[in-house]
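Student: I have a model open on my screen and would like to talk through the ligand site and the empty spaces. Could you help me with the reasoning behind the terms?

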Amino acid sequence: MDIKLRYQELSNNISTKWLGKQIIYKIETGSTNDDVKKEAIEHAPHGTIVIAEKQTNGKGRRGRDWDTKEKSIALSMLLRPSFQPNIASMITLVTALSIAKALEKIGCDNVQIKWPNDILVNKKKVCGILTEMSMEDKKIQYMVVGFGINVNMSYIPEHIKHTATSLLLEMNQEVSRFILIEEILILFEQYYEHFCKLEDLSIFLNEYNDLLINRGTLVKVLEPTGNYEGISKGINFLGELLVETADGKCHKVFAGEVSVRGIDGYV
Ligand code: BTN
């Protein structure tokens with residue numbers, strides 16, 4: 001069946017209440033996050049999704065590019081939350097948890113989260129998340145949560161091979177993008193609704209920390225003001241990463257312009 005029709009079918013049949021009831025599918029676009037922003041301005045409803053086969057201007061975190069490779073997923077969701085902007089960054093963690101759990105559900109082993117926005121399989125990146133927000137009068141007008149997953153790529157460019165991979169390469173089988181997207185959307189909707197009620201991550205803490213890479217080991221925190229090392233203790237209910245330094249001090253690392261990695265490189 002034609003891919004566009006399959007997404008149409010997915011949006012008609014998906015067992016969510018509001019997420020993915022409208023899926024806009026594009027063969028090629030600049031960035032699905034930018035597309036969702038345009039939809040938001042045009043009053044598209046909460047839960048609208050844009051999916052593209054190819055992005056010519058895919059965006060990653062910290063101004064980096066995101067290359068959408070063949071047979072992958074580039075998907076952005078429109079959210080219109082009523083919570084305050086100061087807790088919005090936790091949505092990235094909710095998304096990471098939903099994607100990691102969905103990957104486990106479709107049979108992928110060794111799935112881990114690299115706080116705050118990467119999903120790894122066998123310690124290599126398969127997914128990145130980019131959350132953006134528009135505000136007016138100190139209130140959230142809308143949020144865009146976009147993620148890219150390397151799904152059925154049979155080849156990873158040499159220069160990123162040591163840190164990136166695809167589901168096909170790790171699972172040794174093709175994965176249905178429709179099934180995976182459906183699982184992610186169902187889980188995300190549930191987790192998002194819990195999050196909106198509690199306005200924190202307390203009920204997800206154990207699930208999240210169990211999936212977190214480098215918990216209990218030495219990590220390097222790269223902050224604009226300077227780098228330091230300490231033991232990662234996992235996240236707290238506000239989604240901050242707790243890092244204990246040798247002097248016994250517990251640092252609360254907030255997901256902003258910060259990068260945290262193991263001592264020997266990317267993970
Ligand atoms: C990162 O790892 O730096 C985040 C990558 C986010 C990529 C996705 S692909 C769908 C959506 N559209 C974009 O332009 N970026 C996000």
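Tutor: Gladly! Keep in mind that this is a predicted model. Let's begin with the ligand and its contacts.

Student: What makes the pair between an oxygen atom of the ligand and lysine 59 a polar contact?

Tutor: The ligand oxygen is 2.7 Å from a polar backbone atom of lysine 59. The cut-off for a pair of N or O atoms is 3.5 Å, so this pair counts as a polar contact.

Student: How do you know that lysine 125 and threonine 32 also make polar contacts with the ligand?

Tutor: Use that cut-off again. For lysine 125, a polar side-chain atom lies 2.6 Å from an oxygen atom of the ligand. For threonine 32, an N or O atom of the side chain is 3.0 Å from a nitrogen atom of the ligand. Both values are within 3.5 Å, so both pairs qualify.

Student: How much of the ligand's accessible area does the protein cover?

Tutor: On its own the ligand has 410 Å² of accessible area, and the protein covers 98% of that.

Student: Which residues around the ligand come nearest?

Tutor: There are 21 residues around the ligand, and Ser31, Gln55, Lys59, Arg61 and Lys125 come nearest. By class, this shell has 6 nonpolar, 11 polar and 4 charged residues.

Student: Which helix and strands each supply at least two residues of that shell?

Tutor: They are helix H2 (32–41) and the strands E3 (73–79), E6 (124–136) and E7 (139–149). E6 gives the largest share, with 4 residues.

Student: What makes it right to say that the ligand "sits in" the largest pocket?

Tutor: The term requires more than half of a molecule's atoms to lie within 2 Å of the pocket's grid points. The ligand sits in the largest pocket, so it passes that test.

Student: And why are other spaces called cavities rather than pockets?

Tutor: A cavity is a space where a 1.4 Å probe fits but cannot get out, whereas a pocket is open. The structure holds 2 cavities of 30 Å³ or more.

Student: What volume does the largest cavity have, and which residues line it?

Tutor: Its volume is about 60 Å³. The lining of the largest cavity includes Lys114, Trp115, Leu212 and Val260, and its classes are 6 nonpolar, 2 polar and 1 charged.

Student: What about the second largest cavity?

Tutor: That one has a volume of about 40 Å³. Among the residues lining the second largest cavity are Met90, Leu93, Glu240 and Phe254, and the lining divides into 5 nonpolar, 2 polar and 1 charged.

Key: Residues numbered from 1 in each chain as written. Predicted model: local features only at pLDDT ≥ 70, side-chain atom pairs only at ≥ 80, totals over all residues. Heavy atoms only, no water. Near = heavy atom within 4 Å. Polar contact = N/O pair within 3.5 Å; in protein donor to acceptor, adjacent residues only side chain to side chain. Areas by Shrake-Rupley, 256 points an atom, 1.4 Å probe, with all protein chains shown as cover. 1 Å grid on protein atoms, 1.4 Å probe; cavity = no way out; pocket = protein on both sides within 12 Å on 5 of 7 lines; lining within 4 Å. Nonpolar A, V, L, I, M, F, W, Y, C, P; charged D, E, K, R; others polar. Points joined across faces, edges and corners; volume = space filled by probe spheres on them.
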